[in-house]
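Open the model in your viewer and keep the selection tool at hand. The stops below deal with charged side chains first and cysteines afterwards.

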Amino acid sequence: MTKHIFITGGVVSSLGKGLTSAAIGMILERRGLKVSMQKLDPYINVDPGTMSPFQHGEVYVLDDGSETDLDLGHYERFTRSELTQNSNFTTGKIYSSVIAKERHGDYLGRTVQVIPHITDAIKEAIYAGVSGPDVDVALTEIGGTVGDIESLPFLEAVRQFALEKPPGDVLFVHLTLLPYLRASGEMKTKPTQQSVGKLREIGIQPDVLICRTEKPMTQEMAQKISLFCNVRSERVIEERDVDFSIYEVPLNLVHAGLDRIVAGHLGLADESATDLVDWIAMLKQIKATTETVEIAVVGKYIELHDAYKSIYESLSHAGISSHCKIVLRKVSAESLAEGAASDAGPAALEGVHGLLVPGGFGERGLEGKIRAIRWARENGIPFFGICLGMQCAVIEYARNVLELEGAHTREHSPQSPHPVIDLMSDQEDVEKGGTMRLGAYDCEIRSGTLARRLYGESHISERHRHRFEFNNAYRDVFEASEMTLSGVNPERDLVEMVEIPSHPFFIGVQFHPEFKSAPLAPQPIFAGFVRAALEHARGGNKSPKRQASLA
């Protein structure tokens with residue numbers, strides 16, 4: 001029978017519940033158990049697909065096309081859990097299903113209420129999130145912060161869920177903050193006490209407290225928290241800010257004994273050791289690495305780190321495989337646009353070893369991305385374009401090499417004489433939510449190409465999230481040039497990858513490869529890109545056009 005762990009958060013948001021949940025899942029997997037991972041989000045949007053990255057960070061896409069919370073990226077990077085549309089439920093998704101049933105007459109005239117109808121739907125969602133009958137432990141992270149009105153139905157539902165399960169089948173983990181007051185030079189436990197008090201008012205007694213801290217937590221402090229929160233002192237776990245990598249978190253939790261605590265509480269086999277040998281070796285390598293590579297990421301949402309979370313993590317994974325540290329230079333695409341300060345262009349990119357242009361939506365910053373790509377192409381700088389980044393590379397090449405004046409994307413220039421990027425026919429007049437080309441699609445890679453060398457195979461599958469595509473009306477023009485259309489979706493004959501063979505490293509992809517990268521298994525294109533950037537940093541990849549500028 002599947003055991004359940006619920007992870008809640010208190011005091012403040014953005015404490016790292018997703019990372020902690022993923023770390024717990026990984027620890028259990030390393031004890032030979034099969035886990036499933038799930039996130040319940042309290043916002044009313046059905047999914048984050050229509051939300052600005054400034055509001056909620058990146059939208060993480062699964063193989064089945066689900067647009068989900070970015071925490072699911074942590075789950076996939078840390079565990080082998082099978083994630084589907086049932087791995088992420090929101091208030092909007094829950095209420096939509098209940099209202100649909102009411103309209104259909106499923107409630108037979110009864111008054112539909114939060115309790116029991118909404119809470120029952122949440123409990124059904126929790127069961128649906130268990131990815132198979134052989135799952136040993138199902139972890140469910142509750143979004144938001146205890147005390148938020150939006151989270152109350154979810155907390156009430158998991159309280160009921162635990163009441164309905166046999167004793168020892170459910171474990172509650174509560175993540176809180178121990179703030180450090182620099183003025184007095186001490187940490188305070190009162191916010192944690194109040195957060196747990198709020199949780200207990202709802203009817204949930206946490207079994208484990210994980211305390212985020214800047215400074216070491218003393219034994220006296222753990223005992224005080226234990227006394228006031230009714231949690232055994234050995235179950236008050238310190239989760240201090242990591243020194244050099246988020247991938248330290250699972251190791252730190254094991255050192256604190258969390259793996260044994262969870263196994264003991266849930267009645268799991270306690271004789272199994274938590275095997276982290278390869279993980280420890282990876283962390284030692286990261287710590288010992290001294291060589292650096294600087295990558296410029298030119299994007300529209302650059303001010304918010306979480307907007308490109310998976311891209312930054314994928315670069316980090318590639319750095320691990322190449323034994324180098326990635327130094328990010330975050331560049332606002334708008335600062336590179338025509339009319340920006342005269343030194344904003346070249347100075348913003350000068351000295352970088354590689355350029356990555358990620359996906360995005362909207363016209364803002366588009367011309368800045370195109371100018372940056374031209375600079376990388378003409379200067380022999382390793383370039384990697386993702387989704388809109390690939391489309392910008394196609395536009396730049398069409399304008400400046402193929403001399404197709406006015407080449408553009410029909411998304412922002414409907415009257416363009418050369419719409420080298422165009423809307424798919426099935427995307428005309430559709431609603432915005434969940435209607436793009438989403439999820440895993442096949443790609444056939446042409447032999448003899450950079451893409452083929454990177455992947456080492458001719459057939460791949462990658463995840464997509466976009467409406468606009470390379471315009472097939474221009475394929476012959478591009479094929480007659482130096483740019484190679486190296487990857488094509490066989491089902492719909494859509495261009496998936498472009499590259500320039502004479503360039504040290506120049507590749508653009510329509511899909512989002514950042515969603516299939518892990519610390520011990522870097523995504524092939526990211527790995528190749530970082531290797532090329534490292535070679536450039538070491539003085540290789542010289543180009544005869546090194547003096548070209550952004551002008």
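Helices, as the term is used here, are DSSP runs of at least four residues, numbered from the N terminus. The model is a predicted one.

**Stop 1: Lys309.** Select helix H12, residues 309-321, where Lys309 is found. With a relative accessible area of 12%, Lys309 falls under the 20% limit and is therefore buried. Now show what surrounds Lys309: leaving aside neighbours within four places in sequence, Lys309 is in contact with Glu58, His74 and Arg77.

**Stop 2: Glu76 and Arg463.** Turn on the salt bridges; the count for the model comes to 35. One of them joins Glu76 to Arg463, with 2.9 Å between the closest N and O atoms. Glu76 belongs to helix H3 (residues 71-78) and Arg463 to strand E19 (residues 459-466), so this pair ties together parts that lie 387 residues apart in sequence. Colour by accessibility and Arg463 comes out as buried, at 5% relative accessibility.

**Stop 3: Asp241 and Arg212.** Select Asp241 and Arg212, whose side chains meet in a salt bridge at 2.7 Å, N to O. This pair also links distant parts of the chain: Asp241 sits in the loop between strand E11 (236-240) and helix H9 (249-255), while Arg212 is in strand E10 (residues 208-213), 29 residues apart. Are these two residues buried or partly exposed? Asp241 is partly exposed at 36% relative accessibility, and Arg212 is partly exposed at 21%.

**Stop 4: Lys188 and Glu186.** Move to Lys188 and Glu186, where a salt bridge spans 3.0 Å from N to O. Lys188 has 33% relative accessibility and counts as partly exposed. Glu186 is partly exposed as well, with a relative accessible area of 35%.

**Stop 5: a network.** Select Lys39, Asp41, Asp69, Asp71 and Glu141 together; salt bridges link these residues in a network.

**Stop 6: the cysteines.** How many disulfides does the model contain? The count is zero. Select Cys211 and display its sulfur: the nearest cysteine sulfur is that of Cys229, 7.8 Å away, and Cys211 is in no disulfide. The cut-off for a disulfide is 2.5 Å between the sulfur atoms, so a separation of 7.8 Å leaves Cys211 unpaired with Cys229. Cys211 is buried, at 0% relative accessibility. Seen from the other side, Cys229 is likewise in no disulfide, and the nearest cysteine sulfur is that of Cys211. Cys229 also counts as buried, with 0% relative accessibility.

Key
Residues numbered from 1 in each chain as written. Predicted model: local features only at pLDDT ≥ 70, side-chain atom pairs only at ≥ 80, totals over all residues. Heavy atoms only, no water. Salt bridge = Lys/Arg side-chain N within 4 Å of Asp/Glu carboxyl O. Helix = DSSP H or I, 4+ residues; strand = E, 2+ residues; numbered from the N terminus. Buried < 20%, exposed > 50% of the residue type's maximum accessible area, 1.4 Å probe, protein only. Contact = heavy atoms within 4.5 Å.
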